Protein chains: 2
Amino acid sequence: MQTELQQVRAFNRTVTQRLGVLNERYLGRDRPLAESRLLFEIGLKGAPVRELRARLGLDSGFVSRMLRALERKRLATTLRRPGDDGRVRFARLTRSGIAELQRLNTLSDELARSMLTPLGKKGAQRLLSAMAEVERLLRASSVEVAPADPLSPEAQQCRDQYFGELASRFRGGFDGGLEAAVLQSFVPPRGVLLIAWLFAEAIGCGALRALQPGIGEIRHLWISPKMRGLGVGRRLLDELERAARKRQLRAVRLDTNESLDEAIGLYRASGYREIAPYNDNRYAHYWFEKSLS
Amino acid sequence: MQTELQQVRAFNRTVTQRLGVLNERYLGRDRPLAESRLLFEIGLKGAPVRELRARLGLDSGFVSRMLRALERKRLATTLRRPGDDGRVRFARLTRSGIAELQRLNTLSDELARSMLTPLGKKGAQRLLSAMAEVERLLRASSVEVAPADPLSPEAQQCRDQYFGELASRFRGGFDGGLEAAVLQSFVPPRGVLLIAWLFAEAIGCGALRALQPGIGEIRHLWISPKMRGLGVGRRLLDELERAARKRQLRAVRLDTNESLDEAIGLYRASGYREIAPYNDNRYAHYWFEKSLS
DNA sequence: TAAAATGTCTGACTAAAGTCAGGGAGTGCA
DNA sequence: TGCACTCCCTGACTTTAGTCAGACATTTTA
């Protein structure tokens, strides 16, 4: 473990040093860095001020003041969008603000090039794939799993994506009727719905409910496609099993469709064993159980 | 190319965000971040002030002022070391400074752990090896190659390390006698000595000199062991060949010892072909030539 | 040995980043 | 309608980070 931590620290040092220096040199040329970041965040489409604040993690006064500065330089405007909540201001780049953003993008590309070109073609390829791996895993490591209300908009959104995917993957489609009673069964203390968050975005979910005395059922385990293969599913499953243990369940069951290979792989790898059908789900091809000791 | 640059930018964003937030949260808790970094750099063994300045890339006044601040808090002292250059001050941590450094190290470890543990064992391993790769390549990409005086201390240092390595690798050892005339032959305009710099540290060298009319010779190509396999050797070799072309040479030659496998591999991969001995170097087993068209 | 260069220090300054309190406008609910 | 709340704004601050000029001691070079 010691050397692993040292490795992370070495990475941390090298990378912050190199990127910090470059960011300042390329992006903060004639303007405070925070202002450049704000320009980036507003982007071509504009954004509500509250969102800018959240994304940059900055104080309301600070952002407001920077927006005034951008307005004085005629790079951005804030307006109120009719139809929206009248308190919310919407920031948008002016024509010259967009030109400025393009210039920043060019500089940012130069920065990227300055990292790749000295390495030659093969080295650049190696760096790129290692970067992609680090980036994905680092994102995965900031994922947080927390219980949620099954009726919350985020839960609804996860379910929509989940059912949408089932509909496209199942041979013969999928008709996602779901009674309110099932959702109620995910509510504590008998069940639980867990959502995996990447910052403010819900990127996965999974639910546990009581099936029979001593036996729970896991349902709706889903991970956003862009976060697959990074262990998020495994984490959700682990947490659901932990929740089941806490509820004194001695086993959990689940069913799944033949087309969901990653899920089936995950279940087998996690110690689930195939059992006889315990329900008449017409979309299920496999039924699994794992005993929790 | 476009998507490659985008990949780098995505990495840049994710990593600076994640590391920036964590750095501040963990290391800048009750003290300016720069001060924490200074504590790190002084370290257990202490360091000369000039070196601290160089490593952190900070203004002399700024560092001096931070040192005074650390002194006021009884975390560090500066002293003059007898025997050394009397102008140089040496910074050293006090007992409580060391305790503070340990605390920082603990926090830094926590930070590292917070990245690894959510990924599970396999994910952590993947992250670690990708991090190591990114770190090494990023360091390699900040290497700069520049001509140097063959008599400069850095050149001397490179040669010492080079000869030292030859002595340990050659069967039967190596007696590194080198006449001043040879060094003189590396001086422009007829020859050139290139040094590869990683920030202020010389981590590789290579020399070109005139051998016969129209033919040059490459000598002393060496890369620090910790920077091997990252394309630095290839870059030095390319630059030496470019220098040869600029001098209107139509070919370059070099000799090498059988034990230097990496070098031999590099030469072959770069288009060098074995030729008959063109000198009577008793340590050489192979003689190579490449024609520059 | 004088002159130039180097290493460190201080004082005086600036820019950037961030915090805090309070106020006005708008929204949603009782 | 009144009240609590949200969103954004401004003004008044502080801290952090940095720059610059010059002073002084020491070392190196001519």
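Which residues are the closest to DNA strand C? I looked this up in a predicted model. I found 22 residues surrounding DNA strand C, and the closest are A:Gly86, A:Arg87, B:Arg50, B:Arg65 and B:Arg87. Sugar and phosphate make up 66% of the strand C atoms that come within 4 Å of the protein.

Next I checked polar contacts to strand C. B:Arg87 places a polar side-chain atom 3.0 Å from a base oxygen of DNA strand C. B:Arg53 has a side-chain N or O atom 3.2 Å from a phosphate oxygen of that strand. For B:Arg89 I noted a backbone N or O atom, 3.0 Å from a phosphate oxygen of DNA strand C.

Then I asked which helix gives the most to the surface near DNA strand C. It is helix 4 of chain B, with five residues. By class I logged seven nonpolar, four polar and eleven charged residues on this surface.

I turned to DNA strand D. Here 22 residues surround the strand, and the closest are A:Arg50, A:Arg65, A:Arg87, B:Pro32 and B:Gly86. Of the strand D atoms within 4 Å of the protein, 69% belong to sugar or phosphate and the rest to bases.

Two entries concern base oxygens of DNA strand D. A polar side-chain atom of A:Arg65 lies 2.8 Å from one. For B:Arg65, a side-chain N or O atom is 3.3 Å from a base oxygen. B:Arg80 has a side-chain N or O atom 3.3 Å from a phosphate oxygen of DNA strand D.

Helix 4 of chain A gives the most to the surface near DNA strand D, with five residues. I counted seven nonpolar, four polar and eleven charged residues on that surface.

How values were computed
Residues numbered from 1 in each chain as written. Chains lettered and ligands numbered in written order. Predicted model: local features only at pLDDT ≥ 70, side-chain atom pairs only at ≥ 80, totals over all residues. Heavy atoms only, no water. Near = heavy atom within 4 Å. Polar contact = N/O pair within 3.5 Å; in protein donor to acceptor, adjacent residues only side chain to side chain. Helix = DSSP H or I, 4+ residues; strand = E, 2+ residues; numbered from the N terminus. Nonpolar A, V, L, I, M, F, W, Y, C, P; charged D, E, K, R; others polar.
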